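Here is a short briefing to read with the structure open beside you. Feel free to jump to whichever topic suits your bench work.

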Amino acid sequence: PRAVPIAPGATDTPDAPAAPAAGQFRAAVFEHELTVPWTCTQKLCTREQAIQLMEVNLAVMRGQVAEAASQGASIILLPEDGIHGYGFNRHTLPPFLEHVPTIADGSNPCYEDSMVDDAYVQIQLSCMAAENNIYVAATMGSVLDDCDQCEDPGSQCFFNTLVVFDNTGTLVGVYHKYNLWTSELPTFDIDPVPQLVTVDTEFGRLGLSVCADLMWKSPIVDLAEFRQIDTLLLPLSWWDLFPHQLAISNQDAWARG
């Protein structure tokens, strides 16, 4: 299947968009004007404060998810760092993190009362998907306890994590960003080897990746070569100015390929 993209704000006319042609599906992407929680990047905030600040961005995303669904999109991809922002250190980041399964476990945070107390973001994303009958892919910060792969064995690992919820709100994909950007290296951890994570849907096989992953063989090339993906999910947090705009040519080449 081939994705037919839609842009945010494209519902200015009352006419519903035409259904995708046979063999195609409609995908939505959202460029977010991020509200960064600067007050909590250099000093430690409480979990309650972190939720209040993330909710500012989540509230915007709820509207965009609903808009994408109203235009007939099967999936919406939300931007990297779009929920919690950036600029943290390992001391100030934890209130913005949640325990996320390292492998999608089929849980449904929107409807399961058994979810742990720190699952606020997962619940919101799951409900966005379920209430709008659309796949939602978003990045969030996750934490793994007793993580032996970190510098201090048995300590916590922090991951820049891409999660995918299907149109019932079920968690169907989890990927930890492997190729961290330089500014992320002091804050986030990586898995021992790159993950090759795919999600099979009624509109094709999705491969999961994040931003700077596109510059490296794994997981990007490996997803295409060994997992035969149809669509690559690549949420970005990047500059829209020269020379950083050169990244667009790389993204364009992959899309054409």
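The points below cover the disulfides, the nonpolar cores, the salt bridges and one helix. Please keep in mind that this is a predicted model. It has 3 disulfides and 7 salt bridges, and its largest nonpolar core has 35 residues.

**Disulfides**

- Cysteine 40 is bonded to cysteine 45, with 2.0 Å between the two sulfur atoms. The torsion about this S-S bond is -90°, and the link is left-handed.
- Is cysteine 40 buried or exposed? Its relative accessibility is 2%, so cysteine 40 counts as buried. Its partner, cysteine 45, is buried as well because its relative accessible area is 7%, below the 20% cut-off.
- Cysteine 110 pairs with cysteine 127, again as a disulfide, with an S to S distance of 2.0 Å. This disulfide is right-handed because the torsion about its S-S bond is about 105°. It ties together distant parts of the chain: cysteine 110 sits in the loop between β3 (75–77) and α2 (120–132), while cysteine 127 belongs to helix α2, and the two are 17 residues apart. Cysteine 110 and cysteine 127 are both buried.
- The sulfur atoms of cysteine 147 and cysteine 157 lie 2.2 Å apart in a disulfide. This link is left-handed, with -85° about the S-S bond. Here, too, distant parts of the chain are linked, since cysteine 147 is in strand β4 (residues 135–147) and cysteine 157 is in strand β5 (residues 155–165), 10 residues apart. Neither end is on show: cysteine 147 and cysteine 157 are buried.
- Cysteine 211 has a relative accessibility of 8%, so it counts as buried.

**Nonpolar cores**

- Which residues have the most contacts inside the largest nonpolar core? They are Ile76, Leu78, Ile83, Leu125, Val136 and Val163, in a core of 35 residues.
- Two or more residues of this core come from each of α1 (47–70), α2, β4, β5 and β6 (171–176). Helix α1 gives the most, with 6 residues.
- Leucine 78 is worth a look on your screen. Setting aside neighbours within four places in sequence, leucine 78 is in contact with Phe30, Met61, Leu125, Val136, Ala137, Ala138 and Pro235.
- Apart from the largest core there is another one, of 18 residues, including Leu77, Leu162, Leu206 and Leu233.

**Salt bridges**

- Glutamate 98 and arginine 47 form a salt bridge through their side chains, at 2.8 Å from N to O. Distant parts of the chain meet here: glutamate 98 lies in the loop between β3 and α2, and arginine 47 lies in helix α1, 51 residues apart.
- Why does glutamate 98 count as buried? Its relative accessible area is 0%, and buried means under 20%. Arginine 47 has a relative accessible area of 18%, so it is buried too.
- Arginine 90 and aspartate 189 make a salt bridge whose closest N and O atoms are 3.1 Å apart. This pair also joins distant parts of the chain, with arginine 90 in the loop between β3 and α2 and aspartate 189 in the loop between β6 and β7 (198–201), 99 residues apart.
- The two ends of that bridge fall in separate classes. Arginine 90 counts as partly exposed because its relative accessibility is 31%, whereas aspartate 189 is buried, with a relative accessible area of 15%.
- Lysine 177 and glutamate 184 also meet in a salt bridge, at 2.7 Å from N to O, and both lysine 177 and glutamate 184 are buried. Salt bridges with shared partners join Glu80, Lys177 and Glu184 into one network.

**Helix α2**

- How far apart are the end C-alpha atoms of α2? They are 18 Å apart, which agrees with the 18 Å that its 13 residues should span at 1.5 Å a residue.
- The buried residues of α2 are Val121, Gln122, Gln124, Leu125, Ser126, Cys127, Met128, Ala129 and Ala130. What do these buried residues pack against? They pack against α1, β4 and β5.
- Just after α2 comes asparagine 133, which has a positive phi, near 55°.

Key:
Residues are numbered from 1 along each chain as its sequence is written. This is a predicted model: local features need pLDDT of at least 70, side-chain atom pairs count only at pLDDT 80 or more; totals for chains, interfaces and linings use all residues. Side-chain values use heavy atoms; hydrogens and water are left out. A disulfide is a pair of cysteine sulfur atoms within 2.5 Å. Buried means under 20% relative accessible area, exposed over 50%, partly exposed in between (1.4 Å probe, protein chains only). Helices (H or I, at least four residues) and strands (E, at least two) are DSSP runs, numbered from the N terminus. A nonpolar core is a set of buried Ala, Val, Leu, Ile, Met, Phe, Trp, Tyr and Cys residues joined through side-chain atoms within 4.5 Å. Contact means heavy atoms within 4.5 Å. A salt bridge is a side-chain nitrogen of Lys or Arg within 4 Å of a carboxyl oxygen of Asp or Glu. The expected span of a helix is 1.5 Å times one less than its number of residues.
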